[in-house]
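I opened this model to look up a few local features. My notes follow, one topic at a time.

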Amino acid sequence: MNTQALPCIPLLINGELVASRSTEWRDVVNPATQEKLARVPMATAGEVEAAVAAARTAFTTWRKVPIGQRARIFLKYQQLIRDNIKSLATTLSAEQGKTLADAEGDVFRGLEVVEHAANIGSLQMGERAHNVAVGVDTYTLLQPLGVCAGITPFNFPAMIPLWMFPMAIACGNTFVLKPSEQDPMVTMRLVELALEAGIPPGVLNVVHGGEAVVNALCDHADIKAISFVGSTRVGTHVYERATLAGKRVQCMMGAKNHAIVLADAHKEQTLNALVGSAFGAAGQRCMAVSVAVLVGAARQWVPELVAKAKLLSVGAGNSAGTDVGPVISCSAKERVEALIARGVEDGATLALDGRLPPLDGRLKEGNFIGPTIFTGVKPGMAVYDQEIFGPVLCVTEAESLDDAIALINANPNGNGTAIFTQSGAAARKFEDEIDVGQVGINVPIPVPVPLFSFTGSRASKLGDLGPYGKQVILFYTQTKTVTARWFDDDSVAGAVNTTISLR
């Protein structure tokens, strides 16, 4: 395809989709075929400045819009997303590689947050205490911060942007979004639907780019808060740079999620859960199960685990029957394959090798790796210590539940974990003693619904408050405490009080 004929992804500045004047562009590539789909600009410094300026100006009026009016925009927005979920999933699958079913799931999990944003009237409520002293009341107001920004990753180009800007905007803030430059097309379609729903000019803005744009957002004095989801390396940089600039920051980062399997677990359901969570989305989930800890007699389940993984179909996401699509890029494929080779060198047993899966036609050019399983994995091996972010499951063993918990707690990451068992006592012990932010009991990917907050911990998270749910209302607002006294009659006499007391 002629590069010049490719559609160019626009910026969104002050309510207008505008063509970038950048001299630096990158191709958006279908990872299954290497077909070039579009070109995305690396926004100029002036374009970033224009987006922030538009958000700053819009904030002066948007912050005063009644909360019910804001809620009604998101009621309309959720319906527009619902009406377009098939086409959104098709676009997402083409640029990211997910199966159509998984792409719909990506959109749907974001849709749930939009629905929650429509409930902002009951979420953004302060507290009040009457008569804390004679004639004195104290109450709190949750007021918007101003211009906020979001930096989103390639692996969930619908869900994670929808984690961010709907909640921020519903709280009365304005927003500048920087989507992943690898798959911005579905994000931009969601942005167009947001404008159709009634989000006013300047309230939502979009700039594309790489490190220079990220740094500009971190440094800009008019941006009050930044939300980030992505790698630990970039997230640590964003957190340090943005907090140094005085911003409120939340960073959801890397993971190494373990699932403990006890011998009393339902075997069929457990094996299905392990295979689905390890290899779904080609393992490109920060909440994927990447380590299975088999305890006691469950160590004998490895042959059945491998047999189930072998049944998964590798192919293009838009093909019927595909279970595992491609990883996002050629460089990602090379990195995963290098880690598989390193696993063998380190002494792990390659029970299932997913390199060079059988493919036909144009798919031979794609970034495909099939389900891969290592056994005999131990801490210190690269495949255990590093987040592979590909369809690779490491299997390790433990003599007891205590040993398994100790293994997980020794890992620096704390994004998610799970246990498979029929024992309530074992499950309760696990949830109490495990030092990981999100816990599943017979649930392999325990990402909470928006009534709750995403609560990754330890090295998987920087910042105190998580995205969406109740915590994000606090993140996107400033709590203002008011102490008030009213007098019925100005003639009421009173002595001068030089103490701190309100009596």
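I count two cysteine sulfur atoms as a disulfide if they lie within 2.5 Å of each other. The model is predicted, and I searched it with that cut-off first. It holds 0 disulfides.

**Cysteines.** I asked why C286 has no bond to another cysteine. The closest cysteine sulfur, in C251, is 13 Å from the sulfur of C286, so the pair is too far apart for a bond. A disulfide is a covalent bond between two cysteine sulfur atoms. Next I looked up exposure. Is C286 buried or exposed? C286 counts as buried because its relative accessibility is 16%, and the limit for buried is under 20%. C8 has a relative accessible area of 43%, so I noted C8 as partly exposed.

**Hairpin.** I moved on to β3 and β4. β3 covers residues 25-29 and β4 covers residues 36-41. They pair in the antiparallel sense, over 5 bridges. I checked one position across the pair: R26 stands opposite V40 in β4. The two strands form a hairpin, with 6 residues between them. Within the turn, Q34 has a positive phi of about 70°.

**Open sheet.** I then traced a sheet of 7 strands. What is the strand order? I read it as β14-β15-β16-β13-β12-β18-β19, and the sheet is open with mixed pairing. The edge strands are β14 (349-352) and β19 (439-441), and each pairs on one side only. From one strand to the next, the twist averages 25°.

Inside this sheet I picked out one parallel pair. β12 (residues 257-261) and β18 (residues 417-420) pair over 4 bridges. There, A259 stands opposite A418 in β18.

**Helix α10.** Last, I checked the length of α10, residues 267-279. At 1.5 Å a residue, its 13 residues should span 18 Å. The C-alpha atoms at its ends are 18 Å apart, so the length agrees.

Which residues of α10 are buried? I listed T270, L271, A273, L274, V275, S277, A278 and F279. I recalled that an α-helix has 3.6 residues a turn, so residues three or four places apart point the same way.

I also looked up what the buried residues of α10 pack against. The strands are β12, β13 (289-295), β15 (372-375), β16 (392-398) and β18, and α11 (302-310) is on the list as well. After α10 comes A281, with a positive phi near 55°.

Key
Residues are numbered from 1 along each chain as its sequence is written. This is a predicted model: local features need pLDDT of at least 70, side-chain atom pairs count only at pLDDT 80 or more; totals for chains, interfaces and linings use all residues. Side-chain values use heavy atoms; hydrogens and water are left out. Two strands pair if DSSP finds at least two bridges between them. Axes are lines fitted to C-alpha atoms, for helices over the stretch in contact, and angles run from 0 to 180 degrees between N-to-C directions. The expected span of a helix is 1.5 Å times one less than its number of residues. Buried means under 20% relative accessible area, exposed over 50%, partly exposed in between (1.4 Å probe, protein chains only). Contact means heavy atoms within 4.5 Å.
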